[in-house]
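Morning, everyone. I have one structure to walk through, and I'll keep it brief. Have a look at it first.

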Amino acid sequence: MFFGKCKMDMCDRTKNTNVRFSLPAVCVVWQTAMIILFGVFIRYDEESDPHWLEHKKLNNISSDIENDFYFRYPSFQDVHVMIFVGFGFLMTFLKRYSFGGVGFNFLIAAFGLQWALLMQGWFHSLDYTDGKIKIGIENLINADFCVAGCLIAYGALLGKVSPVQLMVLTLFGITLFAVEEYIILNLIHARDAGGSMVIHTFGAYYGLSISWMLYRPNLDQSSRLQGSVYHSDVFATIGTLFLWMFWPSFNSAITDHGDGQHRAVINTYLALASTVLTTVAMSSLFQKHGKLDMVHVQNSTLAGGVAVGTAAEFMLMPYGSLIVGFCCGVISTLGYIYISPFLEKYMKVQDTCGVHNLHAMPGVIGGIVGAITAAAASESVYGHEGLVKTFDFEGAFEKMEPTTQGGHQAGGLCVALIFGIGGGMIVGAILRLPIWGDPADDNCFDDETYWEVPEDEEIFDSSIY
Amino acid sequence: MFFGKCKMDMCDRTKNTNVRFSLPAVCVVWQTAMIILFGVFIRYDEESDPHWLEHKKLNNISSDIENDFYFRYPSFQDVHVMIFVGFGFLMTFLKRYSFGGVGFNFLIAAFGLQWALLMQGWFHSLDYTDGKIKIGIENLINADFCVAGCLIAYGALLGKVSPVQLMVLTLFGITLFAVEEYIILNLIHARDAGGSMVIHTFGAYYGLSISWMLYRPNLDQSSRLQGSVYHSDVFATIGTLFLWMFWPSFNSAITDHGDGQHRAVINTYLALASTVLTTVAMSSLFQKHGKLDMVHVQNSTLAGGVAVGTAAEFMLMPYGSLIVGFCCGVISTLGYIYISPFLEKYMKVQDTCGVHNLHAMPGVIGGIVGAITAAAASESVYGHEGLVKTFDFEGAFEKMEPTTQGGHQAGGLCVALIFGIGGGMIVGAILRLPIWGDPADDNCFDDETYWEVPEDEEIFDSSIY
Amino acid sequence: MFFGKCKMDMCDRTKNTNVRFSLPAVCVVWQTAMIILFGVFIRYDEESDPHWLEHKKLNNISSDIENDFYFRYPSFQDVHVMIFVGFGFLMTFLKRYSFGGVGFNFLIAAFGLQWALLMQGWFHSLDYTDGKIKIGIENLINADFCVAGCLIAYGALLGKVSPVQLMVLTLFGITLFAVEEYIILNLIHARDAGGSMVIHTFGAYYGLSISWMLYRPNLDQSSRLQGSVYHSDVFATIGTLFLWMFWPSFNSAITDHGDGQHRAVINTYLALASTVLTTVAMSSLFQKHGKLDMVHVQNSTLAGGVAVGTAAEFMLMPYGSLIVGFCCGVISTLGYIYISPFLEKYMKVQDTCGVHNLHAMPGVIGGIVGAITAAAASESVYGHEGLVKTFDFEGAFEKMEPTTQGGHQAGGLCVALIFGIGGGMIVGAILRLPIWGDPADDNCFDDETYWEVPEDEEIFDSSIY
């Protein structure tokens, strides 16, 4: 049956998915460029340089344990697991695209983090005395964060693009991210510790816009490969759980030492717990026979973590975190049931992993929650010093009021939306060029296209490739 | 064949497994209750509140690194992984109940940790000046611990109960746990850092008693679905390994700063290593042809971690840890071979995961080892200050002797047994009510009952559901 | 078909793979020996003993957070995950040897770490005042490191040896490791934080030499079981990713507090990222149609972590790390394509996991990179104190020059090679004795031999076992 189908398709197929030269060329040339740029620009910062011993003495630092490494390394490793295992395995749910899900995730992240160290470094860690970017553990965390934006975008495109397109998506995605982040955090002075706006809103709309630009009207030709099998769903659950468990580390990784990290963990932990219950409730309520849908459990349970990203370091209060999680579980699950089909049918947005429900909507909610929580801040709740430290009311922003800060937060959300949608449309236009080796419509969601797949489990005849 | 079988069963089947209204109702109502109770009672403690800056000054704390967060957060995250991935994946071993294993584990834990924060908070973290529970990282760890008890109970019931029953089991389990823990730790003044008594003994007997109350004489109608397939066994190994690797963090997560955490890690690491060798030895020796049984490797290798739980922070000595591990590997493996079939056949206890071998017996052993180690403590081994700190001989217990402490430890073990067995019988009686949507005997161990299962791998006809 | 084949083989088969008495005997006797030796020799060190309170006062240590536990525990847990999940799951890639891959890995590691605590303890942690080995967190890390050498050796032998042989391999492997390590680190005074020489070069050549001694000319009789299936490849990716993500912890786990750990993390993170891109490039370029090979993505992406092991704590510079990673991705992938088939065909080395490409070559490169980086060290780059601390130019080595250090590093590499090759040949000769229960040639790579495999997925008739 499939053989016949494929033979028939051959007539229509004009796509060349052979990336034998384009993919190695892109990888080698860009990696070489990284080496040169790192040689020119990147150096160790004072806490990872052997002169740390002198730095300690000069600054009266009493112990090595005061090195920022020990404040942030456990969180960094958790974030690292989220990027590579969390996002990677979450994308293994398709029956025949597990290699592409976890493998291309790996490729995007490995390239993206290098380019992010440079792009974010120029904006945030440039030492003007010698023109070098000085990196330490916080830069590594931020690079992983930056990569997360591109991986979210990949979620919308999973199975429909070539690895070369993904490298291009990452190059531009990281660049846009760094600019957007600089505008939101430094120019607008919005706070966004867990990246509800900077990472999730931007990343999701960036991917959705690209998906809209790359709309495939005949994608149903691959419908036999859409959906999961039993064990691919279990693999995806590995991704879900590592994202869910380590999200407190994500939202607290770059917050203030001490109470800042501590509070961000508590808020995220609670929001995520609450989301699980409402996701299960909605999933059961809106399905025939009350059976749970693994897609919801795999994805919507994470929405609470996205939505407390901005406010996790604020005085959201434990019950506030639960409320945010409650709402996001409901909205995200209903998104999978009602909004995703609507977007695909009427808006021409094909969103493989449903990033609109997991990242876009919760990200926007997170931005709004952050704005409200910031606007409601007061010295009575934070204490004077606490307020200054939490919102970084220093330097040019010394006299800023919480209500103004709330407005700035809202402004930051708008910037993230504009960069996501606008950037996605431009990059989508580039990715429509017929040179990237993307698959034909009946060839999507199939690891055969870009991977050597072990022979004895090949379901479909591959003689025509 | 199966279709015929199922049609025939329809005549007998009176069970309604549709939880479309009961499950959402329980989740939404209880989550709403959590929000209200958190709003009334739960606040940040002084280390996660922005007033930390003032607290630091008042208490002459020199650095943010002294915040308890940095002592405990790495251990917390390891414990978190054990709860969600460790317990979750350990329960994916059945051929068609992997969704239920990892998914309901997720649901129980997400609800349980919220309720545990409240229950444990009222007993241990209530600030009497304002009537609020003040939470920090240690509360999150304890909430995860508390949840572990219910997950152990779930292990005995895996595949035989509905998600609504599991929510009820969790509600009562957490409540009983908090009371039992308060009696054992505060009133009796037993020490139990790793929870051999408080968590494992209680949780296992709680689950076994419920299983006894819910005895299914015709469970062999589901025998086609009992047992594993090749890849489900590999999935379960993920759970095993994450439990095994992170057990040192479990047993040290809430022990004393400094040497207490350090020593608990060493003891647990050694006990677990020793258990692996004797488990392999017994598994090979008692099987035909000397072949290893994955059930033993997945479960009995963990028994050493359970059994050093109480004594991990004491001067058990490295060789003592090895001895405990040695014995538990033997006993737990023999339990799977001889005791579990006996319990099922003669005692009417159906124990899906064998929690009697992994948690109940090793937990009791752990309680006894703890009592002996405590009774044998002396100032010459611990030093005066070390003895006081390790056993918390302060306040009302200032003049307590190690030998007396040993007696109190034994008393604690009895309380855990009584609460586990008694509580389980009461909750089991409640769960026998015909309103919870539990599966029929021939319908157990089957994800079809409560989950949308991907179509193309459906082994059995599902038209009758 | 298989039934016929197996019946035919029965005539030829003289191997007895029943380990019902040898395996339990080895496990129980050796574990008992461990208990006795631990009883005689192993005690807690001053940081894990209750006398820590007095130690703190005597040494003016201001806080419990100065306990080495808090500097190293997060890294330890990451290393622990690499040993058990990383190595374990990397070896699940074969279609019918996943139990043996992850299960025997577990057994080797659990025994090896105990023996390593003793062997390394006698060389490095012996307290001459009382003749006891004092252990703390750093000993646990080193024991895990020591085990890694044996697990690498197992990679070369995967599927071709019995568990009893693996226990023997481990006993001798750990012993050789401890001697070799003492010579390289203490006598020669080479530095090797991440173990490029001590762990990877030694372990790989140890395994390859054993494999050469155990050469099976008729291994193609098991060719039906060589290679992966779709989901076993996804399982192996779990191993890959946990190794890849936590390698920065591996290379920094025992480096100097402060900048040393910090820098080792940055260097490893960057080298690994670079390796991914060149691995993908080479894999695509050298395959028909440019399709990626999962074997390369699973293994070669890790080569960069091996190769920066020695130099990770030095001033390799960020671009230097990228260059090392770049080269290793290329060499390792080409090794899988060209060198492994050559070794098997002409050198009689059957290397199941390709440890020659992942550990041997990158390990040697790592040794060379370390020697060069050490020889190029200068006070202008490190500062005087930084140079002394990084290279430990103290005591007998106070007047050592970086150039001399470079020579010593090269000497260390030679010692690792000699111990690996020589030790492997001796142990290989022992393992050729016909008493160990190893499988027949047509019986390799098959879990049926040593495991109870769930019935319903048995592909091959097992009636003859």
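Start with the kink: α13 of chain B bends by about 50°, and the bend is centred on B:G335. Keep in mind that this is a predicted model. The helix itself runs over residues 318-346, 29 residues in total. How far does α13 of chain B reach from its first C-alpha to its last? It reaches 39 Å. At 1.5 Å a residue you would expect 42 Å, so the span is close to that. Just past the end of α13(B), B:K348 has a positive phi of about 60°.

Now over to chain C, and the strands. Take β3, residues 132-135. Its side chains alternate. Which ones are buried? C:I133 and C:I135 are, and they point to one face. C:K132 and C:K134 point to the other face and are not buried.

β3(C) pairs with two strands that I want to show you. With β1(C), residues 42-44, the pairing is parallel, over three bridges. There, C:R43 is bridged to C:K134. With β2(C), residues 126-127, the pairing is antiparallel, over two bridges. In that pair, C:L126 has C:I133 as its bridge partner. So much for the pairing; next, the turn. β2(C) and β3(C) make a hairpin, with four residues between them. C:G131 sits in that turn, with a positive phi of about 70°.

Last, the annotation, on chain A. An unreviewed UniProt entry gives "domain: Ammonium transporter AmtB-like" for residues 67-446. That span is 70% helix and 2% strand. Its end C-alpha atoms lie 47 Å apart. That's it from me.

Key:
Residues are numbered from 1 along each chain as its sequence is written. Chains are lettered from A and ligands numbered from 1 in the order in which they are written. This is a predicted model: local features need pLDDT of at least 70, side-chain atom pairs count only at pLDDT 80 or more; totals for chains, interfaces and linings use all residues. Side-chain values use heavy atoms; hydrogens and water are left out. UniProt positions are given in the numbering used here, feature names are shortened, and annotations may be inferred rather than shown by experiment. The bend at a residue is the angle between axes fitted to the seven residues ending there and the seven starting there. Buried means under 20% relative accessible area, exposed over 50%, partly exposed in between (1.4 Å probe, protein chains only). Two strands pair if DSSP finds at least two bridges between them.
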